[in-house]
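User: I've got a complex open on my screen and I'd like to talk it through. Can you take my questions one at a time?

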Amino acid sequence: MNLVWGFIFVPLIAICLIPFLQLKGKAIAVYAAICFIAVLTSYVAFGALAGQNSELILAGSFITGSIRLQVDALSAWFLLIINFAFVTGGFYGLFYMNAYANQPKNLSLHGILFVLLYTTLTSLCAIQNSIVFLVAWEIMALSAFLSILFEHEKIATIKAGINYLIQSHVSIIFLMVGFIWVASKTGSYDFNDIRAYSFAQSNAVSLLLYLFFFIGFAIKAGFVPFHTWLPYAHPAAPAHISGIMSGILIKIGIFGILRMLLLINLDYITVGSIILTISLISGVYGVMLAILQHNLKKLLAYHSIENIGIIGIGIGLGCIGLGMNNPILSSLGFAGALLHTLNHSLFKSLLFFTAGNIYQATHTLDIEKLGGLVKKMPQTTVLFLIAALAICGLPPFNGFISEFILYTGLFGTIQNAYITSLIGIVFTIIGLTLIGGLAIMCFTKAFGVVFLGNPRHDFHSEVKEVSFYQLLPLYFIAAFIISIGLFPGFFLNALIKPVQLFTNLHQLPFVSFQGNGIETLASVSKASCILILLILVLIVIRKLVLQKKSITVSATWNCGYIAPTAKIQYSASSFVKTYSKLLGIVFLIFKKEKEVEGVFPVAAHLETHPYDKIEKWFIDYPINNFKSFMGRFLFFQNGKLQFYILYGIIFIITVISIPLIYDQIILFIEFLKLL
Amino acid sequence: MLSSLLIILAATFFTGIIIRTKSIASGRKGPGIFQPVKDVIRLFRKGAVYSKTTSFVFQIAPTIYFASVFVAMLVIPFGQSKGIISFNGDFIFFAYILGIGKFFSIIGAMDTGSSFEGMGASREALYSMFAEPAFFILMGSLALLTGFTSFQEIFSALHLGSSISYALAVMAAFVFLMIAMIENSRMPLDDPKTHLELTMVHEVMILDNSGFDLGLILTAGYLKFAIYGAIIFNLFSGTIAYQYAIPMFFGMQAFLAFVVGMIESFMARFRMNHNAQFIVVLSSVSLLIFFGALLVSGKFI
């Protein structure tokens with residue numbers, strides 16, 4: 001009980017204090033509040049992972065009924081992910097925000113929102129009452145919205161923020177429909193009643209109920225086709241907010257999807273197939289579009305969609321495994337999904353933070369303008385490289401581990417599966433490998449163009465590395481990434497309890513990854529260690545060999561051409577030219593072109609803007625149609641006062657006349673009922 | 001252990017045989033089959049030239065590329081004897097460890113800031129991305145046929161009984177050979193002997209490498225050929241005793257090298273824009289193998 005009051009009051013005190021403090025005081029207040037909550041919730045979470053669920057019932061009010069708080073293994077896993085991201089992201093944010101020290105009011109608001117966002121995100125993991133859940137969800141969405149708007153003087157930022165605001169409210173509408181549906185049938189807001197209700201219903205009804213929740217949470221998570229807010233919101237927000245949005249905020253959608261899976265009784269094969277299909281599309285489509293992007297943060301945002309796809313693939317496989325009564329596929333599917341949730345939050349926040357460093361140093365995120373940063377910002381380069389290798393799923397980093405778990409599940413079931421599920425498995429394998437290959441292409445492009453070669457643009461201010469303190473949390477994240485890659489067994493052990501929650505749904509004989517998880521991963525980590533050792537040995541040998549040899553430094557070979565400029569380098573667009581031509585039908589690329597004409601050529605230019613085809617057909621097209629339809633009624637709003645008075649009179653007359661024709665209305669309704 | 005030794009031995013002559021075959025086919029005498037190894041040894045003795053544009057990435061890239069190929073080699077079994085690294089799903093590790101080498105060779109090329117090397121890097125990234133599904137579907141169908149998920153178990157349980165399974169094995173050998181050609185950027189996709197940078201894939205990526213680094217890259221190429229040769233040999237070897245299997249292994253490697261040499265002598269390189277289509281065809285051949293495997297295992301009901 002005391003814990004809960006601490007959880008509520010400490011952030012509250014911090015929020016009240018922040019506006020009245022000096023700049024340094026604000027920072028300390030924000031960070032102290034974050035650390036306090038992190039310690040508090042981690043304590044509860046570690047208990048839950050060890051098998052000791054905490055449950056607490058608050059009295060609540062007459063509206064909400066009693067409010068149940070519960071931290072089980074699933075909540076605990078997400079709590080720990082959230083805590084790590086906010087502790088590192090908050091620390092990074094303190095120093096990132098130094099650049100805006102001349103806007104103290106703006107910073108106060110930002111600090112308050114940051115604490116609020118963190119508090120609501122952690123509380124969402126524990127709340128088991130639908131009304132309180134929705135309220136917390138709304139506060140979370142609004143504080144994220146206002147955090148995005150930090151640089152509100154830019155039009156693009158406002159547009160991105162409003163886009164996010166609208167879409168997150170569409171998400172809330174779906175959730176509300178789901179919750180109200182259950183509440184109207186059971187008369188209670190407790191999550192346990194969702195379970196009781198769904199067990200009393202047929203599979204089709206439960207599925208419909210689940211789909212409402214799924215769409216609501218999927219908008220937050222960014223599954224295709226609900227992803228369109230992500231590529232706008234991430235680039236607009238400050239770096240630490242985009243890191244947290246991509247690392248945590250969209251994961252709360254995943255948490256919701258998993259939580260509802262635990263509560264609603266479903267035909268798991270159907271649900272699994274639906275989730276798997278959507279996830280495969282998200283994964284492949286996300287990375288396909290990521291490759292085309294010129295804005296570094298937008299590129300990373302599309303990669304979030306891809307990784308959400310990979311997580312979804314895990315969830316889908318887990319569900320199908322449940323339906324097939326296959327403990328291997330089920331446990332490895334959910335384990336892969338949960339581990340990838342952690343992994344993605346690590347490397348994606350690292351990528352966004354390094355992108356933030358680049359933005360602070362160069363004031364641009366346009367890949368085509370960057371280049372050669374490795375010489376100016378060597379530490380940022382190494383950190384970005386580690387994260388890039390991890391996100392491509394390459395050993396010995398953490399991304400490989402979660403993808404490997406998924407592959408093990410897939411190949412492990414191939415023998416026992418039947419023809420329909422086999423085709424699903426083959427498509428999943430193709431999808432996963434394509435995602436891996438495309439991710440390598442995307443990040444070799446991003447890393448190669450941004451950090452390597454010669455600078456493509458003349459920056460007016462000197463480009464230099466950010467301060468050590470700003471880099472410190474990034475080193476922590478990188479160390480965590482490598483430690484998961486090298487010692488995956490430990491993390492798989494921590495996943496036993498959360499995965500058990502799911503396998504217990506069908507009473508599958510799941511025995512803590514013995515036989516197919518832990519031992520295999522031990523061999524993987526051994527193999528990774530061999531790789532690292534070999535690299536180290538080779539580096540030493542190379543150094544010894546080259547010591548005695550003559551080393552010459554010269555210009556890059558340009559086929560004998562001796563005056564190369566930076567413009568001669570391969571650019572990001574040219575790197576992906578063949579690819580974008582090959583898969584042109586999937587993309588929508590707007591071109592602005594002025595060709596070279598005449599005997600004495602004048603200036604020419606070519607601009608390309610990749611656009612999202614799904615956004616065009618799923619968002620823009622219906623909205624434009626709706627707008628043009630509503631446009632037909634514009635004559636009502638003609639600006640003449642007389643007409644507006646007339647509308648008022650018509651309204652009043654209608655209202656007054658309703659009782660007069662009440663009987664007729666009743667009669668009409670009765671008539672309709674007869675039909 | 002045994003497999004790694006054999007692969008290293010086979011790597012010493014594989015590329016030499018390709019070159020010799022090509023020379024004889026074009027009416028020349030050609031160098032000895034150990035000439036590539038001698039070239040590498042000479043490179044190891046040389047100094048190095050580095051571009052002033054490059055950074056530490058360019059310096060470590062060849063090392064990591066070589067290390068990745070070497071560790072991938074440790075995964076390959078030889079008949080009954082396991083590779084040094086062997087576990088369930090080791091072929092996934094195999095593909096991804098080659099991926100890390102590829103990643104570094106691509107960014108190593110990008111590090112030079114040259115227009116040509118970026119071109120090669122872009123092509124390499126694209127082709128290897130398309131080739132990957134073929135490998136995974138193929139391994140998936142072998143896993144389906146045998147019920148195991150590690151190289152060694154799959155290959156030792158792979159009994160070629162019916163005529164269908166022979167057809168499957170031949171198709172699988174074809175796919176593996178083609179993947180080897182893509183990985184090594186050889187003839188139908190890339191001509192290692194071309195003189196125009198614009199038409200190269202792999203060669204243009206290593207234009208600026210010299211000395212020790214170039215030696216490592218070349219050695220890794222030789223190893224890759226022998227690795228894929230060993231995989232193809234494993235498809236057919238099954239449970240043959242060592243005294244027959246080892247000579248057969250070298251015979252097979254020499255034969256494959258000969259085949260590669262003949263392909264390179266009598267085939268023109270594809271147009272660049274046809275390469276991607278060709279690689280996608282490989283995936284569909286793998287899918288064919290997969291359906292064949294379904295047929296054999298009696299799941300096609």
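User: Is I15(A) buried, partly exposed or exposed?
Analyst: Keep in mind that this is a predicted model. I15(A) sits in helix α1 (residues 2-17) of chain A. Being buried takes 20 or more other C-beta atoms within 10 Å. I15(A) has 19 of them, so the call is partly exposed.

User: Which residues does I15(A) touch, leaving out those up to four places away in sequence?
Analyst: One partner lies well along the chain: I15(A) and L116(A) are 101 residues apart in sequence, yet their C-alpha atoms are 8.1 Å apart in space. L116(A) belongs to the list of contacts, and the full set is I112(A), V115(A) and L116(A).

User: How many residues of α4(A) are buried?
Analyst: Helix α4 covers residues 104-126 of chain A, which is 23 residues. From first C-alpha to last, α4(A) reaches 34 Å, close to the 33 Å expected at 1.5 Å a residue. The rest of the structure largely encloses α4(A), because the buried count out of those 23 is 19.

User: How do α2(A) and α4(A) run relative to each other, parallel or perpendicular?
Analyst: The axes of helix α2 (residues 23-49) of chain A and α4(A) come within 10 Å and cross at roughly 5 degrees. Angles under 35 degrees count as roughly parallel. So α2(A) and α4(A) are roughly parallel.

User: Which residues of α2(A) make that contact with α4(A)?
Analyst: On the α4(A) side, the contact includes P104(A), L107(A), G111(A), F114(A) and Y118(A). Facing them from α2(A) are L23(A), K26(A), V30(A), A33(A), I34(A), I37(A) and T41(A).

User: And α6(A) with α7(A): parallel or perpendicular?
Analyst: Helix α6 (residues 155-186) and helix α7 (residues 191-200) of chain A have axes 10 Å apart, at an angle of about 75 degrees. Their contact brings V182(A), K185(A) and T186(A) of α6(A) up against D193(A), I194(A), A196(A) and Y197(A) of α7(A). Since 65 to 115 degrees is the range for that label, the pair is roughly perpendicular.

User: Switching chains, what radius of gyration does chain B have?
Analyst: Chain B is built from 11 helices and one strand, and its C-alpha atoms fill a box of roughly 60 × 40 × 40 Å along the principal axes. Buried residues account for 61% of its 301 residues. A compact globule with that many residues would come out near 19 Å, and chain B agrees, at 19 Å.

User: Which element of chain B supplies the largest share of the side that touches chain A?
Analyst: Across the interface, 66 residues of chain B are in contact with 67 residues of chain A. Several elements of chain B each supply at least two residues to that side, among them β1 (48-51), α3 (56-75) and α9 (211-237). The largest share is 17 residues, and it comes from α5(B).

User: What ipTM does the predictor give the complex?
Analyst: Start with the chains: chain A averages a pLDDT of 90, with 99% of the residues at 70 or above, while chain B has a mean of 88. Within chain B, confidence is lowest in helix α8 (residues 202-205), at a mean of 84, and highest in α3(B), at 94. For the complex, the predictor reports a pTM of 0.94 and an ipTM of 0.95.

Conventions
Residues are numbered from 1 along each chain as its sequence is written. Chains are lettered from A and ligands numbered from 1 in the order in which they are written. This is a predicted model: local features need pLDDT of at least 70, side-chain atom pairs count only at pLDDT 80 or more; totals for chains, interfaces and linings use all residues. Helices (H or I, at least four residues) and strands (E, at least two) are DSSP runs, numbered from the N terminus. The expected span of a helix is 1.5 Å times one less than its number of residues. A residue is buried if 20 or more other C-beta atoms lie within 10 Å of its own, exposed if 12 or fewer, and partly exposed in between; C-beta atoms are placed from the backbone. pLDDT is the predictor's confidence in each residue, from 0 to 100. The radius of gyration is taken over C-alpha atoms; the globule rule is 2.2 Å times the number of residues to the power 0.38. Axes are lines fitted to C-alpha atoms, for helices over the stretch in contact, and angles run from 0 to 180 degrees between N-to-C directions. Angles under 35 degrees count as roughly parallel, over 145 as roughly antiparallel, 65 to 115 as roughly perpendicular and the rest as oblique. Two residues are in contact if their C-beta atoms, placed from the backbone, lie within 7 Å.
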